[in-house]
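Reader: I should like to learn how to read the packing of helices in a structural model. Could you guide me through one example, taking each feature in turn?

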Amino acid sequence: MHQNRTGIIKSQCRMLKTEEELKYMKYGGLVGNVIMGVYLISLSYSDMKRRKLSVGVIVLGFLSALVFQAITGIESWRAVAGGILTGFLFMGISRLTEEKIGYGDSLLIIVLGTFLGMWKLLILLLGAFGLAAAVSILLMIKRKFTRKSMIPFVPFLTVAYMGEMLGGMLSGGV
């Protein structure tokens, strides 16, 4: 068994990262966050203009998120699996509600769950749904919106993601 500088046996503590690994994760996470931000902005534009998301672009995002996790190991595979399962839960909700939340939105939630892991995804979804509710209420007050009106959801995911990313950077994380 190999001991590191602090005397902790590495084989007994899988989560312990060396300084080099932590540095790699930090910069890898920063680059990944910027790429994901650009990806979400482009999908937001598509969602607002066409009310559709390209399945090919979603699949590319999913595969990229898997590769990102395999290279950086920022999230545990359990957290990633939980994020993916959360996305599949939304696929079921899409089906049950006759796409009140579109299938494209649910597929994007799978991508985000793969990239962020379940817990960060749940925080992101809380922010996105909160923003969507606030905007919907404002639009109903201004009578530009009814309860049956549909609004694109990806822009709310994007704003919540950017807020979460900025909050993490300000607090010293990624």
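Author: The dialogue below turns from the overall fold to helix pairs, single helices and one glycine. Please bear in mind that this is a predicted model.

Reader: Which elements make up the protein, and in what order do they run from the N terminus on?

Author: The protein has six helices and zero strands, so the order of its elements reads α-α-α-α-α-α. Of its 174 residues, 36% count as buried. Among contacts with a separation of 6 or more, 67% join residues 24 or more positions apart.

Reader: How should one read the angle between two helices, and at what angle do H2 and H3 pack?

Author: The angle is taken between N-to-C directions, and a value over 145 degrees counts as roughly antiparallel. Helix H2 (residues 55-72) and helix H3 (residues 77-96) pack at about 165°, and their axes lie 11 Å apart. H2 is therefore roughly antiparallel to H3. Their crossing is right-handed.

Reader: Which residues of H2 and H3 make the contact?

Author: From H2 come Phe62, Leu66, Gln69 and Ala70, and from H3 come Trp77, Val80 and Ile84. By class, six of the residues in this contact of H2 with H3 are nonpolar, one is polar and none is charged.

Reader: Why do residues three or four places apart point the same way in an α-helix?

Author: An α-helix has 3.6 residues a turn, so such residues point the same way.

Reader: At what angle do H2 and H4 pack, and how far apart are their axes?

Author: An angle under 35 degrees counts as roughly parallel. H2 and H4 pack at about 10°, with axes 8 Å apart, and they are therefore roughly parallel to each other. H2 contributes Ile58, Gly61, Phe62, Ala65, Leu66, Phe68 and Gln69 to the contact, while H4 contributes Gly104, Leu107, Leu108, Ile110, Val111, Thr114 and Phe115. In this contact of H2 with H4, 10 residues are nonpolar, four are polar and none is charged.

Reader: Is Gly61 buried or exposed?

Author: A residue is called buried if its relative accessible area is under 20%. Gly61, which is found in helix H2, has a relative accessible area of 9% and is therefore buried. Not counting residues up to four places away in sequence, Gly61 touches Tyr39 and Val111. Gly61 and Thr114 are 53 residues apart in sequence, and their C-alpha atoms are 9.4 Å apart in space.

Reader: How many residues of H4 are buried?

Author: H4 is mostly covered, with 11 of its 14 residues buried. Among them are Asp105, Ser106, Ile109, Leu112, Gly113 and Leu116.

Reader: What span should the residues of helix H4 have, and what is the distance between its end C-alpha atoms?

Author: The check allows 1.5 Å a residue, so the 14 residues of helix H4 (residues 103-116) should span 20 Å; the end C-alpha atoms are 20 Å apart, which agrees. Just after H4, Gly117 takes a positive phi of about 85°.

Reader: What does this check give for helix H5?

Author: Helix H5 (residues 118-141) has 24 residues, which should span 34 Å, and its end C-alpha atoms are 34 Å apart, in agreement. Leu121, Leu124, Leu125, Ala128, Ala132 and Ser136 are buried in H5. H5 is followed by Arg143, which has a positive phi near 60°.

How values were computed. Residues are numbered from 1 along each chain as its sequence is written. This is a predicted model: local features need pLDDT of at least 70, side-chain atom pairs count only at pLDDT 80 or more; totals for chains, interfaces and linings use all residues. Side-chain values use heavy atoms; hydrogens and water are left out. Axes are lines fitted to C-alpha atoms, for helices over the stretch in contact, and angles run from 0 to 180 degrees between N-to-C directions. Helices (H or I, at least four residues) and strands (E, at least two) are DSSP runs, numbered from the N terminus. Angles under 35 degrees count as roughly parallel, over 145 as roughly antiparallel, 65 to 115 as roughly perpendicular and the rest as oblique. A crossing is left-handed if the near helix is turned anticlockwise from the far one by less than a right angle, and right-handed if clockwise. Contact means heavy atoms within 4.5 Å. Ala, Val, Leu, Ile, Met, Phe, Trp, Tyr, Cys and Pro count as nonpolar, Asp, Glu, Lys and Arg as charged, and the others, Gly among them, as polar. The expected span of a helix is 1.5 Å times one less than its number of residues. Buried means under 20% relative accessible area, exposed over 50%, partly exposed in between (1.4 Å probe, protein chains only).
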